[in-house]
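Here are some exercises to work through with the model open beside you. Try each task before reading its solution.

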Amino acid sequence: MPELPPTHDALICVALPGLAISGERGQLAGRGLDGFYRGGRRLLSRCRLRVAGREPLPVQARMIGADSARFVGTLRVSPVAGPDPDVVVERTRHADGTERITLRNAGPRPLRLPVEVALGTDLAELVAIASGAAGPELTAGVHGSGLRWSTADATACVTADPPPSDVLASAGLLRWEVELPSGGAAAVELRVRPEGSGPLRAAGHSATAPLAAARASGDDPRVAPLLATAVADLHALLLRDPAHPCDTYLAAGAPWRCGMAPAEALAAARMALPLGTRLAAGTLRALARTQLTGPAFRAGMIPGPRRDAGAHLPPSCTGTEATLLFPVLLAEARRWGLAEEEARELLPAAERCLTWLRTSTGGGTYLPDPYPGGPVRCETQAHAHRAALLGADLLDAFDRPGATELRQWAQRLSAAFPADFWIEDRGGGRPAAALMPDGRRVPHLAATTVHLLDTGLLGAGRLAPGLLDKARTGHLARLLSTPAMDAGWGLRGLGVSEAGHNPFGHRAGAVRVQETALAVAGLAAAGYEKEASGLLRGLLGAAEHFGHRLPEMFAGEQRSAGSAPLPHPAACRPAATAAAAVIHVLTALAGIRPDVPAGTVTLRPVPSAPLGELGLAGLRVAGAPFAVRISRLGLAMVEEAAEGLQLRS
């Protein structure tokens, strides 16, 4: 299997369907993932700048937004300049396919400089680049004030403003002679586009984008940039449903997963509910249109690909997870303020998901994954139990049948789960990762157990009951906070003492941000503040090292004095679930639990206030702005809310 080009040291500008991926030197060298992309195709892979015959010396490269990066280089071009650079070159690169090159003369004399940009592309699809089959560069042709490349199914153009004084198509060169007075500047703008297309219309840049611009403030200086970056990354990952452009959903992550991944899209939309319900509604409508109608055992499923589950279990079916998440997201979106008429329109699809759940379990207790014939996974039972309880709540709200049967099945599952899944030992025991079809327990300790803590929101600010009693929840809390699971930066996917542990294994030891966030929120809600705070501190520390843009995962190496988290070379960054996890953690710390149909919002902040004073503004509850401040004593005060919304504690 070909090795994926690494992403860990790339600057990835995202405004889907546009991407710009660069190395830290700023030059696009035509290697690896370098390039401007649109809709999964690389439009430009090489963009090398030379000034006075030399490449600028790189001095800084940084992201200046989710969709843009800035590269600064210097040159010494005057023979009397001494050791100091006298030309500063700044390149600002955007995901929409534009790059602005600005030259500044910092010296005392006017300069006349030859500037050339060497361009090239293979017009390769991202999937071909990932598999090592990108192909050679194409031959360019002159096109207006720039160059043009073409294959049988794609054409890309680069235009320049001002137009170059010379174009050499055979070498892909554009040339200018630039006059720079002392202290003066000159700029060239390049625009990369598919032929015949206009400027990029990114869903996240629309005036009707579905996510509120939430803000954070407080004692911990890391929180404000972390939330701002998370919200910007979510906007950058938004996509429009091609057939229904009013509906938007989140791509899973850049650069590898820039399309719909049903389970991740639903999970991210659920964690992002504090930013409004429009993303949830768009995601649900888009996925309802994909719902399967047959054969019988698949009817009602939201289809999804298989997902690797590590060394101990066969791949799971993300369609199972998506099908169980669908009614949960609809039920919780209604609590956050989704209009009743929108919820009613989506109810038939949710009912089909719940019918699939009842059919797949039959008269039995557990839901295999994949169904039929797969193992009975711990996290799948947690998803199914939550779907049954929140689904029953939803059916009752709209006077639909089936709620009683769902609650009865959930009760049977809850009664059977401890005896079948809990493995007793001298330390108090642990949940098994799965039961195999032959009845064997899979005993390894994995981060997937955190889904047992994510029980879902019911009415009146109540959390749904889970599959663990208080004593077993306490044992799990202690297990998750041990060095075997807590890397000091977050929660490992697999305990260090388990067979097959690999700190870089994406299901075998790497820290996945979503699972760590679910652990923080679930432990805090269950009253295990010390354990939740430890994981929270680790995640915030990791975020600092990643420039507040958390990847989907990173290596589960143990934290030590002076160390930094190791990036995973194939991780998506940004990633929808990682960005949405930031919103989930902060609102969980504030304890915001709305019940808009009842006209109430419950506030249950973490009493120990692990971040000190925390202010969250620009959230949305009941379709209106919502702001809350948590004091250092763990007391909540609402600063803005919808008219008529009653506060509960």
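**Exercise 1. The largest cavity**

What volume does the largest cavity have? Work out its lining too.

*Solution.* Keep in mind that this is a predicted model.

Step 1: start with the count, which is eight cavities of 30 Å³ or more. The largest cavity has a volume of about 590 Å³.

Step 2: look towards its centre. The lining has 41 residues, and Arg307, Glu379, Thr448, Arg507 and Glu515 are the closest to the centre.

Step 3: go through the elements. Those giving two or more residues to this lining are helix 3 (262-271), strand 22 (316-317), helix 5 (318-336), helix 7 (378-397) and helix 10 (513-525). Helix 5 has the largest share, with four residues.

Step 4: sort the lining by class, and you get 14 nonpolar, 15 polar and twelve charged residues.

**Exercise 2. Two residues of interest around that cavity**

Where does Thr448 lie, and which residues is Thr448 in contact with, leaving aside neighbours within four places in sequence?

*Solution.* Step 1: find the element. Thr448 sits in the loop between strand 27 (441-442) and helix 9 (470-480).

Step 2: list the contacts. With those sequence neighbours left aside, Thr448 is in contact with Glu379 and Glu515. Both of these, like Thr448, are among the lining residues closest to the centre of the largest cavity.

Step 3: check a pair along the chain. Thr448 and Cys378 are 70 residues apart in sequence, and their C-alpha atoms are separated by 7.6 Å.

Now take helix 3, which also lines the cavity. How many of the residues of helix 3 are buried? Ten of its ten residues are, so to speak, under cover; charged members of this buried set include Glu264 and Arg270.

**Exercise 3. The second largest cavity**

Which residues lie nearest the centre of the second largest cavity?

*Solution.* Step 1: get the volume. About 140 Å³ of space lies in this cavity.

Step 2: read off the lining. There are 15 lining residues, and those nearest the centre are Arg25, Pro56, Pro58, Gly73 and Arg91.

Step 3: assign elements. Strand 7 (57-65), strand 8 (68-75) and strand 9 (87-94) each supply at least two lining residues.

Step 4: split the lining by class, which gives seven nonpolar, four polar and four charged residues.

**Exercise 4. Arg549**

Is Arg549 buried or exposed?

*Solution.* Step 1: locate Arg549 in the loop between helix 11 (529-545) and strand 29 (553-554).

Step 2: apply the cut-off. Arg549 has 7% relative accessibility, and because buried means under 20%, Arg549 counts as buried.

Step 3: look for a polar partner. The side chains of Arg549 and Asp233 make a polar contact at 3.1 Å.

Step 4: fill in the surroundings. Not counting residues up to four places away in sequence, Arg549 touches Ile12, Val14, Met63, Ala66, Thr229, Asp233, Ala543, Arg573 and Pro574.

**Exercise 5. The partners of strand 14**

How many bridges join strand 13 to strand 14? Trace the pairing on the other side of the register too.

*Solution.* Step 1: strand 13 (residues 146-150) and strand 14 run antiparallel and are joined by five bridges. A hairpin of four residues links them, and Gly146 stands opposite Thr159.

Step 2: strand 14 also pairs with strand 17 (residues 185-194), again antiparallel, over six bridges. Here Cys157 has Arg193 as its bridge partner.

Step 3: check the cover. Five of the seven residues of strand 14 (residues 155-161) are buried.

How values were computed
Residues numbered from 1 in each chain as written. Predicted model: local features only at pLDDT ≥ 70, side-chain atom pairs only at ≥ 80, totals over all residues. Heavy atoms only, no water. Buried < 20%, exposed > 50% of the residue type's maximum accessible area, 1.4 Å probe, protein only. Polar contact = N/O pair within 3.5 Å; in protein donor to acceptor, adjacent residues only side chain to side chain. Contact = heavy atoms within 4.5 Å. 1 Å grid on protein atoms, 1.4 Å probe; cavity = no way out; pocket = protein on both sides within 12 Å on 5 of 7 lines; lining within 4 Å. Points joined across faces, edges and corners; volume = space filled by probe spheres on them. Pairing = 2+ DSSP bridges.
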